[in-house]
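The exercises below ask you to work through one chain, residue by residue and helix by helix. Keep the sequence and the coordinates open while you follow each solution.

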Amino acid sequence: MSLLQIQKDYSALQQLGYKLDLTRGKPSSQQLDLSVELLDLPGRSDFFADDKTDTRNYGGLQGLPEARRLFTNLLGAPQEQIVIGNNASLALMHDHVAFALLKGTCDSSEPWSKQGEIAFLCPVPGYDRHFKICEDYGIRMIPIRLQEDGPDMDEVERLVASDSSIKGMWCIPKYSNPTGTVYSDSVVERLAGMKTAANDFRIFWDNAYGVHHLTEEKISIANILERCAAKGNPNRAFVFASTSKITFAGAGLSAVAASKENIQWLLTRLTPRTIGPDKINQLRHVRFLKDEVGIAALMEKHRQLLAPKFQAVLDVFEAELSNLKDVSWTTPKGGYFISLDVASGCAKRVVALAKDAGVVLTPAGATHPYGKDPEDRTIRIAPSFPGLAEVQQAAKAVALCVRLAAEEKLQSK
């Protein structure tokens with residue numbers, strides 16, 4: 001198709017007056033409705049936990065035992081090694097970084113902030129909120145290429161073995177944001193056992209999509225805490241999760257699991273920060289979700305709503321973009337995103353064209369540290385929030401913008 005014809009199609013697209021948003025992986029209203037029963041729990045009279053704790057009162061820094069039990073399978077740890085937070089696991093991740101900067105870890109000789117410049121390894125494409133934490137605190141970010149089975153471990157092992165300023169690494173090990181990558185057992189094994197120049201090196205294991213399947217295949221990954229312990233590095237990993245995309249995104253539960261020593265370190269840090277979390281919300285979640293079987297049943301309902309939207313995007317991309325050189329996209333089996341790679345140097349142009357046509361996308365570069373994608377290729381697509389018809393419209397609009405940007409680049413040569 002000629003540039004002139006694509007431009008005419010784009011002008012027609014602009015006349016449609018779309019107001020579509022594919023920026024963030026938010027649950028749709030229909031998904032939130034699946035958990036509306038939470039609003040009636042725990043009720044006006046039965047607000048006591050299993051151990052007779054009055055959940056309306058102070059206390060319970062580590063979280064209700066039954067709430068911690070709810071996360072044992074998702075986090076891969078016994079309840080004694082789990083702490084329940086409030087609605088955002090991102091807040092827990094932020095606090096772990098801040099605590100390490102201010103106080104050091106349980107393995108640190110002094111706070112990270114007193115050890116000179118520190119750095120984190122950042123698999124890319126990755127999650128912009130992870131990168132924002134590092135940027136906000138002046139932590140140098142080192143991009144690591146994310147491969148089909150996880151980060152480039154040859155590069156990871158080389159860097160952490162030779163540079164003691166590298167204190168941490170971000171990982172989304174299952175249905176990674178935005179590619180849908182699943183870390184292989186071999187990658188988990190190498191992460192757990194690799195030699196690090198910093199003896200207080202930490203892996204921030206963000207298991208945000210542990211039960212968020214898009215197909216009937218229920219993929220599992222190796223247990224990072226068990227592997228670290230087996231390799232003689234029991235304190236290496238912090239494992240995070242939440243119910244943000246299980247129940248209510250703004251009113252769920254977050255949780256972290258780690259070694260016994262790490263958990264004691266965390267509770268010591270939390271003591272001056274809070275007199276206890278929202279235990280009423282913990283209790284209502286336990287009574288609503290009940291157990292692992294209850295979570296799985298709810299997530300199947302989520303899958304029924306989400307899978308058609310993802311398939312709609314994939315069908316449009318296959319029909320409209322499969323013949324374009326240097327354009328590709330991921331086909332995730334879980335999670336909340338599709339990663340679209342356009343021709344080099346075209347991502348910012350595609351995002352701008354889409355915006356002018358009424359389709360808002362995550363800024364180009366958001367998938368990389370400092371918002372800078374060196375190839376200007378990767379765009380994160382989030383199909384979850386709009387309705388199915390709107391997702392189809394948005395995908396077609398994005399595909400047209402990709403074709404227009406590619407043809408413009410070709411004609412400029």
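**Exercise 1. Decide whether Ser 165 is buried or exposed, and describe its surroundings.**

Solution. The relative accessibility of Ser 165 is 16%, and because buried means under 20%, Ser 165 counts as buried. This value, like the others here, comes from a predicted model. Next, place the residue along the chain: Ser 165 sits in the loop that runs between helix H7 (153–162) and strand S6 (166–171). Then look at its side chain, which makes a polar contact of 2.6 Å with the side chain of Asp 163. Finally, set aside the neighbours within four places in sequence; Ser 165 is then in contact with Glu 117, Ile 118, Ala 119 and Arg 140.

**Exercise 2. Determine how H7 and H8 are oriented to each other, and which residues make their contact.**

Solution. Start with the geometry: the axes of H7 and H8 are 11 Å apart, and the two helices pack at an angle of about 0°. Since angles under 35 degrees count as roughly parallel, H7 and H8 are therefore roughly parallel to each other. The contact is made on the H7 side by Met 153, Asp 154, Val 156 and Glu 157, and on the H8 side by Val 187, Arg 190 and Leu 191. Sorted by class, the residues of this contact of H7 with H8 comprise four nonpolar, no polar and three charged ones.

**Exercise 3. Work out the orientation of H13 and H14 and the make-up of their contact.**

Solution. Helix H13 covers residues 347–356 and helix H14 covers residues 388–412; their axes come within 9 Å and cross at roughly 130°. That angle is neither over 145 nor in the range of 65 to 115 degrees, and H13 and H14 are therefore oblique to each other. As to handedness, the crossing in which H13 passes H14 is right-handed. H13 contributes Arg 349, Val 350, Leu 353 and Ala 354 to the contact, while H14 contributes Cys 401, Val 402, Leu 404, Ala 405 and Glu 408. In the contact of H13 with H14, seven residues are nonpolar, none is polar and two are charged.

**Exercise 4. Find how many residues of helix H11 are buried, and what they pack against.**

Solution. Helix H11 spans residues 279–289, and eight of its eleven residues are buried, which leaves the helix mostly covered. The buried residues are Lys 279, Asn 281, Gln 282, Leu 283, His 285, Val 286, Phe 288 and Leu 289. These buried residues of H11 pack against helix H3 (65–70), strand S2 (82–85) and H12. Now examine the two ends of the helix. At its start, a side-chain oxygen of Asp 278 reaches to within 3.2 Å of the backbone nitrogen of Ile 280; after H11 comes Lys 290, whose phi is positive, near 75°.

**Exercise 5. Identify what Met 299 touches beyond its neighbours in sequence.**

Solution. Met 299 belongs to helix H12 (residues 292–321). With a relative accessible area of 7%, Met 299 is buried. When residues up to four places away in sequence are not counted, Met 299 touches Val 211, His 212, Lys 245 and Ile 246. For Lys 245, which is 54 residues from Met 299 along the chain, the separation between the two C-alpha atoms is 9.2 Å.

**Exercise 6. Compare the settings of Asp 326 and Asp 376, and then locate two cis peptide bonds.**

Solution. Although it is not a glycine, Asp 326 has a positive phi of about 65°, and Asp 376, likewise not a glycine, has a positive phi of about 50°. Asp 326 lies in the loop between H12 and strand S10 (328–329), whereas Asp 376 lies in the loop between strand S12 (359–361) and strand S13 (378–381). With a relative accessible area of 48%, Asp 326 is partly exposed, while Asp 376, at 14% relative accessibility, counts as buried.

For the peptide bonds, Leu 41 and Pro 42 are joined by a cis bond with omega about 0°, and Pro 42 is placed in the loop between helix H2 (29–33) and H3. Asn 177 and Pro 178 are also joined by a cis bond, with omega about 10°, and Pro 178 is found in the loop between S6 and helix H8 (185–193).

How values were computed
Residues are numbered from 1 along each chain as its sequence is written. This is a predicted model: local features need pLDDT of at least 70, side-chain atom pairs count only at pLDDT 80 or more; totals for chains, interfaces and linings use all residues. Side-chain values use heavy atoms; hydrogens and water are left out. Axes are lines fitted to C-alpha atoms, for helices over the stretch in contact, and angles run from 0 to 180 degrees between N-to-C directions. Helices (H or I, at least four residues) and strands (E, at least two) are DSSP runs, numbered from the N terminus. A crossing is left-handed if the near helix is turned anticlockwise from the far one by less than a right angle, and right-handed if clockwise. Contact means heavy atoms within 4.5 Å. Ala, Val, Leu, Ile, Met, Phe, Trp, Tyr, Cys and Pro count as nonpolar, Asp, Glu, Lys and Arg as charged, and the others, Gly among them, as polar. Buried means under 20% relative accessible area, exposed over 50%, partly exposed in between (1.4 Å probe, protein chains only). A polar contact is a pair of N or O atoms within 3.5 Å; within protein, one must be able to donate a hydrogen and the other to accept it, and residues adjacent in sequence count only if both atoms are side-chain atoms.
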